[in-house]
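Biologist: I am new to this structure and would like a short tour of it. Could we look at it together?

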Amino acid sequence: MKGCKPIAALTAYDYPMARMLDECGVPLLLVGDSLGMVVLGLPDTTGVKMADMEHHTRAAARAQPNALLAADLPKGSYGNVETAVANARRLVDAGAEAVKAEGGLSIRPQIEAIVAEGIPFLGHIGMLPQNVHVEGGYRVKGKTDDELEGIIRDAEALVEAGAFSVVLELVAPAVAARITREIPIPTIGIGSGTDCDGQILVTTDLWATSPDYIPRHVQPNMQVPIEMRQAVGDWMKSFKTIETQELKRD
Ligand code: KIV
């Protein structure tokens, strides 16, 4: 799709979500480890385990989407080649058609080994949420020369290792545009400006149902929680009325 059509990608964490997004024609669905925050109530993605990712991947895969279904390798699950391949295989056994991990040059051997196993690999560079404690927060990457060179090296390493696409998270827009021009695989941006080959969002941010925090780069154009609260409130009122009616009858 690179150069032909903008690529839309969204996160899906369970069967109904994957079904609905697939019905909308979204071509790439990601069982993201963001589920730690928006589904499991964790403060960030660092506490997400392989068992969590397998559980949610299995649920999303039951939708049998036409979309490509990718799943995240969580923090600590791809520290060396053997564990990376074994855990990528576990996600595939749970129903993923591709896996994603965070990093470029530093995990090149793991990516090469995963690709050599025949498992399609989606890269993720720029701000790496699994490193949020080391980095001290979520901030835009690529503003200094050092960061710029690092991100370009990571993008090149991903291409050479055989990644089919790369997520650019919170990359300075000019840097994201340059990478998009220079590498042959599609770039999927999140908070990285408009000049990527595609865009990805945490779906609950788009719906404004993420419980704690909606990042600045997302402007939900509807407030689903207002309708949800309305439905719950109306339902509660409806059975109060039934009770009152029954009391009156008695
Ligand atoms: O975990 C996730 O949802 C992600 C996307 C935001 C790219 O990695």
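Modeller: Certainly. Please keep in mind that this is a predicted model. A good place to begin is the largest nonpolar core, which has 53 residues.

Biologist: Which residues have the most contacts inside that core?

Modeller: Those are Ile-114 and Phe-121.

Biologist: And which helix gives the most to this core?

Modeller: Helix 7, covering residues 145-161, gives the most, with 5 residues.

Biologist: What is Phe-121 in contact with, leaving aside its neighbours within four places in sequence?

Modeller: Its contacts include Ile-114, Ile-107, Ile-111 and Val-115. Val-99, Lys-100 and Ala-101 are also among them, as are Leu-158, Ala-163, Phe-164 and Ser-165.

Biologist: What lies apart from the largest core?

Modeller: Another core, of 11 residues, lies apart from it; Ala-9, Leu-28, Ala-98 and Leu-122 are among its members.

Biologist: Let us step back. How many helices and strands are there in the chain?

Modeller: The chain has 10 helices and 8 strands. Its C-alpha trace spans about 75 × 40 × 35 Å along the principal axes.

Biologist: How much of the chain counts as buried?

Modeller: Of its 250 residues, 48% count as buried. The chain exposes about 12,700 Å², and carbon and sulfur atoms supply 55% of that area.

Biologist: What share of the contacts with a separation of 6 or more comes from residues 24 or more positions apart?

Modeller: Such residues account for 56% of those contacts.

Biologist: Now for the charges. How many salt bridges are there?

Modeller: The count comes to 10 salt bridges. One of them pairs Arg-90 with Glu-54, and their closest N and O atoms are 2.6 Å apart. This pair links distant parts of the chain, since Arg-90 is in helix 4 (residues 81-93) and Glu-54 is in helix 3 (residues 50-61), 36 residues apart.

Biologist: Are those two partners buried or exposed?

Modeller: Glu-54 is buried, with a relative accessible area of 12%. Arg-90 counts as partly exposed, because its relative accessibility is 35%.

Biologist: Which salt bridge has both partners in helix 8?

Modeller: That is the bridge between Glu-182 and Arg-178, at 3.2 Å from N to O. Both lie in helix 8 (residues 173-182), 4 residues apart, which is about one turn of the helix. Glu-182 is partly exposed at 48% relative accessibility, and Arg-178 is partly exposed at 31%.

Biologist: Which residues are joined into one network by salt bridges that share partners?

Modeller: Arg-108, Glu-112 and Glu-160 are joined in that way.

Biologist: What does Glu-147 form a salt bridge with?

Modeller: Its partner is Arg-139, with the closest N and O atoms 2.8 Å apart. Arg-139 counts as partly exposed, at 42% relative accessibility.

Biologist: Which charged residue is buried yet has no salt bridge?

Modeller: Glu-169 is such a residue. It lies in strand 6 (residues 165-169).

Biologist: Why does Glu-169 have no salt bridge?

Modeller: The nearest side chain of opposite charge, Lys-100, is 6.2 Å away, whereas a salt bridge requires the nitrogen and oxygen to be within 4 Å.

Biologist: What does the side chain of Glu-169 make a polar contact with?

Modeller: It makes one with the side chain of His-124, at 2.9 Å. Not counting residues up to four places away in sequence, Glu-169 also touches Ile-125, Gly-126, Met-127, Pro-129, Ile-190 and Ser-192.

Notes
Residues are numbered from 1 along each chain as its sequence is written. This is a predicted model: local features need pLDDT of at least 70, side-chain atom pairs count only at pLDDT 80 or more; totals for chains, interfaces and linings use all residues. Side-chain values use heavy atoms; hydrogens and water are left out. Helices (H or I, at least four residues) and strands (E, at least two) are DSSP runs, numbered from the N terminus. Buried means under 20% relative accessible area, exposed over 50%, partly exposed in between (1.4 Å probe, protein chains only). Lys and Arg count as positive and Asp and Glu as negative; His and the chain ends are not counted. A polar contact is a pair of N or O atoms within 3.5 Å; within protein, one must be able to donate a hydrogen and the other to accept it, and residues adjacent in sequence count only if both atoms are side-chain atoms. Contact means heavy atoms within 4.5 Å. A nonpolar core is a set of buried Ala, Val, Leu, Ile, Met, Phe, Trp, Tyr and Cys residues joined through side-chain atoms within 4.5 Å. Accessible areas come from the Shrake-Rupley method with a 1.4 Å probe; for residues, only the protein chains shown count as cover.
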